[in-house]
Amino acid sequence: MSLNIVVLAKQVPDTRNVGKDAMKEDGTINRAALPAIFNPEDLNALEQALRLKDANPGSTVTILTMGLPRASEVIREAMFRGADGGIVLTDRTLGGADTLATSYSLAQAVKKIGNYDIILGGRQAIDGDTAQVGPQIAEKLGIPQVTYAEEILDLKDGFVTVKRRLENGVETVKAPLPCVVTVNGSAPECRPRNAKRLMKYKFAVSPSEKEKLTDERIKALVESRPELQLKEWGAAFVEADPEQIGLAGSPTKVKAIENVVFTAKDCRVLDNSDQALEDLIVELIHNHTIG
Amino acid sequence: MANFYTDNPDLRHHLNHPMMRKIVELKERNFTEAEKYDYAPLDFEDAMDNYDRVLNVVGEMCGDIVAPNAEGVDHEGPRVENNRVIYASGTEQNLEACRKAGLMGMSMPRRFGGLNFPITPYIMAADIVSRADTGFENLWGLQDCAETLYEFGTEEQRTKYIPRVCEGATMSMDLTEPDAGSDLQSVMLKATEMPDGTWRLNGVKRFITNGDSDIHLVLARSEDGTKDGRGLSMFIYDKRDGGVDVRRIENKMGIKGSPTCELTYKNAKAELCGSRRMGLIKYVMALMNGARLGIAAQSVGVSEIAYREALGYAKERMQFGKAIIEFPAVAEMLAVMKAKLDASRTLLYETARYVDLYKVYEDIARERKLTDEERKEMKLYTKYADALTPLAKGLTSEYCNQNAYDCIQIHGGSGFMKDYACERVYRDARITSIYEGTTQLQVVAAIRHVTTGTYKALMDMYAATEWKAELQDMAASLKELTLAYEVAVAKVAEVNMPAYTDFMARRMVEMAGNIIMSYLLLLDANRNESFTKSARVYNNLAKAEVNKHAEFINNFTPEQLADYNVK
C-alpha cells in the first residue's frame, strides 16, 4: 500500500550551543547568533516516515515547514536522507506566531495538501520546548493523535500501531488513519544523508531561492527537473484567516525575560558525614534549588 | 555531534590541490555524464563541491557513529557461529550507516551504481574512517577490490558484481595461506576447471581479512604441476554459491573488529577473473598496489588519532602545577608527532593523485586509443605512482607506529592502562607496517626507484618550484640533502655488490622518503602558511635523518657486512 506521508519539520536555532548573544533584549531569540539546524526530534520523525516508505513501496514523504524562506534548507536536508520534496509555508503575516497560530497555519497547509494518510512530527522543538503544535494540529484537523511515539510497529488496514515512551513505561496504542504521530527523541536516530541523493538534490530550490540564482545553467537544470522545485506557500494560498495567524492570532505574549546567571564560582568540599549531607539538602531546599 | 572532516582543515587543503582540476576533468570525461545521471557533476566546481559534501557525510558518520562504537567493537569483536562470521554489533551499525549513506563503491563508474569518485577523495574518506576506527577501515576499505574486478573482469562480471558492491556487499581478497604469506608464489589452493567452464576451489586460506565477505577475489593454482607464480590465476567466489567455510578467526593484538579468518574451500564454485596464469603476476600486483595505498591512508588516520589523543591529554593533565604541554620535552614530542602526521598525509595524497592520473588514462584507453602525448603522460604517472606507493605505505605505517608510541608516552602511566583510547591506537597501529607487505618488502619495491632515479626526478621537479621568501632557506637545505642522497646512492652503486645494496636499501629509501616528504610539506606551506611550522619541524627531522644515513653509508665498507651476518 502506498502512503502519502507528511512530516512536520522546523528549522530551529541550535540551542545546544547557546552563546551570550542568544537572546535579544525584548526576550525573543536572536536567530542570527545561533546556527540554524533541523529540529532534532523532527529528524526522529523523519526516520519513522522513511521506514514507512521503505515498507510501503510507492509512498511519498513530503516535508512541511513553516518559517523564513531559508527554512527550505530543512527540506533539502530531509531529501538528502530520503524525503521526496516539501513545502515551505512562509509569509510576513505568519511571523511572531505562538503555538496556537502556528498549528492553525500548519493545519491549513495540511488541508491544502489534502491527500494524506499520516502526519509525523517531532515531539517538540528545541527553541520553544512546548510540545503543543503537533497535538493542536490534530485537534484542528479533527483527527486522532499519538504522542511520545518511539516506534511505528505496524500500519495496515487503515490503522497504525505505535509504541509510546511514557514516564513510567511503554504503551502500545492503535489509532485509525489518518492521524498525527509525534515522535520522541528516544526513537531511532535518522539515517545519514545519502551520497547520491546529496549530489542529486543539492540544487533543489524554492521559487524565491530560484530567483536569486545567478548561474543560468543551474537555473535551467532546476527548470528541467521537477524534483528540484520545492514549493513555497503563503498565508493566502492556504486560505488562512488573517486574524488567526502571526502575532494577531497569538494569545501568548512574553511578559518579561530574565537572564539566569550562575554565581557559584567554586566547588565546595563537604566532609563525609550524614550531617554535612543533610545540611546541604536543607540549604538547597531553602534557596529553591530543589523542591 | 562531531565531524571528522570539517574539524580537520588539513583535509580540505589536500582535497583542493591544484592537480585536482586535471584529475577531475579526465575522470569526468569533460562532464558528459551530467546528461545521463542526475547526480553527475556539471563542471569542475560542481564535482569538487560533491566531494566536499560527501566527505562531510563521511566525517559526520565517523564522528557520530563509527568513533563512538570503536571501543565497544574492540571489546566485543567478531565471532564464528556455524562457520559464519558474526560481526560485533557496533560493526553492523557502522556497515549499515555506510550502506545507507551510499559510501560503498565510491570510485566505481556510475553505470554500475558507483559515485565515480577519483581515488583521492576516496582515500580521504579512508583516512577519516581510520581515525574513527582503524579496524573498521579494513572492512569498509575492501570495496577497493571492486577496482580490480572492474579493471580485469569481463563486462558480464562487472555487471554482475559491481552493482552489488555499490549497494553494500562486502569484499575480501583471499591471497595468503599457511605456507604462503609474503611469498605468494607458494599458493597451493587448487582450482579445477569444470566442463561448463566454471571452476571449483579446494584448499585452505589463512589470515584473510573479512574472510566471510559476500564477494571474494581468490588467488588459486589453476595450472596443475606448476610451483611458481606463473601457475596462479584469480577467481571470483560468490558467497551465495556456498562452499567456503570459516574455520576460525584469529585472536589478534589490534584491529580486533576486523575478522581475520581461516577459510576452507570444499569444491567451492568460482569463476575465472581475467586470463589464466596472470593471477599473481598482474592482478594481485594491481590489487596489492591499491591495498597498499589503502594501508597508507589507514596509517595516516592512526597518526591523526594518536596526535589528537596525545594533544588533548597533554593540555588537560596537570603536573607540577601546570599542564604537561607546558613542558618543553612534551611539547617537542607533540610538534614532531604533528610533523610526522603532516608529512605522512602529504605523501599519501601526492601518491593518490598520481594513482588517479594513471588509472584514469588506463580507463580512457579502454574507450579509445590514447594520443601519443597522453600515453607518454600515463607512462610517467604510472612510474610516479609505482615509486610513491611503497614509499607511502612503508613510511606512513612506520610513522603511525612511532606516533602511537609517543601518544602512550605522553599519557604516562595512565597510557599503559586500558582506560584511554591510546592503548587501542597503539595495538591497532602495529599491523600497518606488516600487512600488505612489510616495510622490508616495501623497500624491495621501492629500491629500484632509487637506482633508476625516479625519486631524484621527483626531487628535481619539486625543487623547481618558486618558493615564498620565508621558505627559501628550507628549499636550499633540501637541495643539499638531495646532494647527500646522490652521493650515498653513488657510493652504493660504486661498491656494486648485491648484498651491499640490499643492506643499504632501507637507508636509501628512507633518505628519499625524508627528502620527498620535506619537499611536499614545503609545497604545502608555499600554498598555505598553516603548514609552515610543520614544514620546519619536519625539515629539521629530515636533515638529521638523511645525514645520519649518509654518514652510515659513506663510512661503511663491504667487509663490515660480515659483522651483521648472524647465524
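**Note on a predicted two-chain model**

1. The central feature of chain A in this predicted model is an open sheet of nine strands, ordered β9-β8-β7-β10-β6-β1-β4-β5-β11, with mixed pairing. The edges of the sheet are held by β9 (169–176) and β11 (231–233) of chain A; each has a single partner strand, so one side of each is left without a neighbour in the sheet. From one strand to the next, the twist averages 30 degrees.

2. Which strands of chain A flank β4 in the sheet order? They are β1 and β5. Strand β1 (residues 4–8) of chain A pairs with strand β4 (residues 60–66) of chain A in the parallel sense, over five bridges. Within this pairing, A:N4 stands opposite A:T60, and A:V7 has A:I63 as its bridge partner. On the other pairing, β4(A) and β5(A) run parallel and are joined by five bridges. Here A:T62 of β4(A) has A:G85 in β5(A) as its bridge partner.

3. Is β4(A) mostly covered or mostly uncovered? The strand is mostly covered, since six of its seven residues are buried. In a regular strand, the side chains alternate between the two faces of the sheet.

4. Two helices of chain A should be examined together with the sheet. Helix α1 (residues 40–55) of chain A lies across β1, β4, β6 (118–122), β7 (145–156) and β10 (179–183) of chain A, and runs at about 150 degrees to β6(A). Helix α3 (residues 99–113) of chain A also packs on the sheet, where it touches β1, β4, β5 (85–89), β6 and β11 of chain A. The direction of this helix α3 of chain A makes about 145 degrees with that of β4(A). Strands β1 and β4 of chain A thus appear in the list for helix α1 and in the list for helix α3.

5. Chain A as a whole may be summarised as follows. Its secondary structure comes to eight helices and eleven strands. The C-alpha trace of chain A spans about 75 × 45 × 45 Å along its principal axes. Of its 291 residues, 40% count as buried. Among the contacts in chain A with a separation of 6 or more, 69% are between residues 24 or more positions apart.

6. The corresponding description of chain B begins with 18 helices and eleven strands. Its C-alpha atoms fill a box of roughly 70 × 60 × 55 Å, taken along the principal axes. What radius of gyration would a compact globule of 567 residues have? The expected value is near 24 Å, and chain B, with 23 Å, agrees with it. Buried residues make up 52% of the 567 residues in chain B. Of the contacts in chain B with a separation of 6 or more, 76% join residues 24 or more positions apart.

7. Where the chains meet, 15 residues of chain B are in contact with twelve residues of chain A. Helices α3 (44–76) and α4 (89–100) of chain B each supply at least two residues of the side of chain B that touches chain A. Which of the elements of chain B gives the most to this side? It is α3(B), with six residues. By class, the side of chain B that touches chain A has nine nonpolar, two polar and four charged residues.

8. Some backbone details deserve attention. Most residues other than glycine have a negative phi, and most peptide bonds are trans. The peptide bond from A:L177 to A:P178, however, is cis, with omega near -5 degrees. A:P178 is found in the loop between β9 and β10 of chain A.

9. Chain B contains two further details of this kind. B:R29 is not a glycine, yet has a positive phi of about 45 degrees. B:N30, also not a glycine, has a positive phi of about 60 degrees. B:R29 lies in the loop between α2 (20–27) and α3 of chain B, and B:N30 has its place in the loop between α2 and α3 of chain B. Why does B:R29 count as partly exposed? It does so because it has 13 C-beta neighbours inside 10 Å, whereas a residue counts as exposed with 12 or fewer. B:N30 is exposed, with 9 other C-beta atoms within 10 Å.

10. As to confidence, the model scores ipTM 0.92 and pTM 0.93. Chain B averages a pLDDT of 97, and 100% of its residues score at least 70.

Note on methods:
Residues numbered from 1 in each chain as written. Chains lettered and ligands numbered in written order. Predicted model: local features only at pLDDT ≥ 70, side-chain atom pairs only at ≥ 80, totals over all residues. Pairing = 2+ DSSP bridges. Helix = DSSP H or I, 4+ residues; strand = E, 2+ residues; numbered from the N terminus. Axes fitted to C-alpha atoms, helices over the stretch in contact; angles between N-to-C directions. Contact = placed C-beta atoms within 7 Å. Rg over C-alpha atoms; globule rule 2.2 N^0.38 Å. Buried ≥ 20, exposed ≤ 12 C-beta atoms within 10 Å, placed from the backbone. pLDDT = per-residue confidence, 0-100. Nonpolar A, V, L, I, M, F, W, Y, C, P; charged D, E, K, R; others polar.
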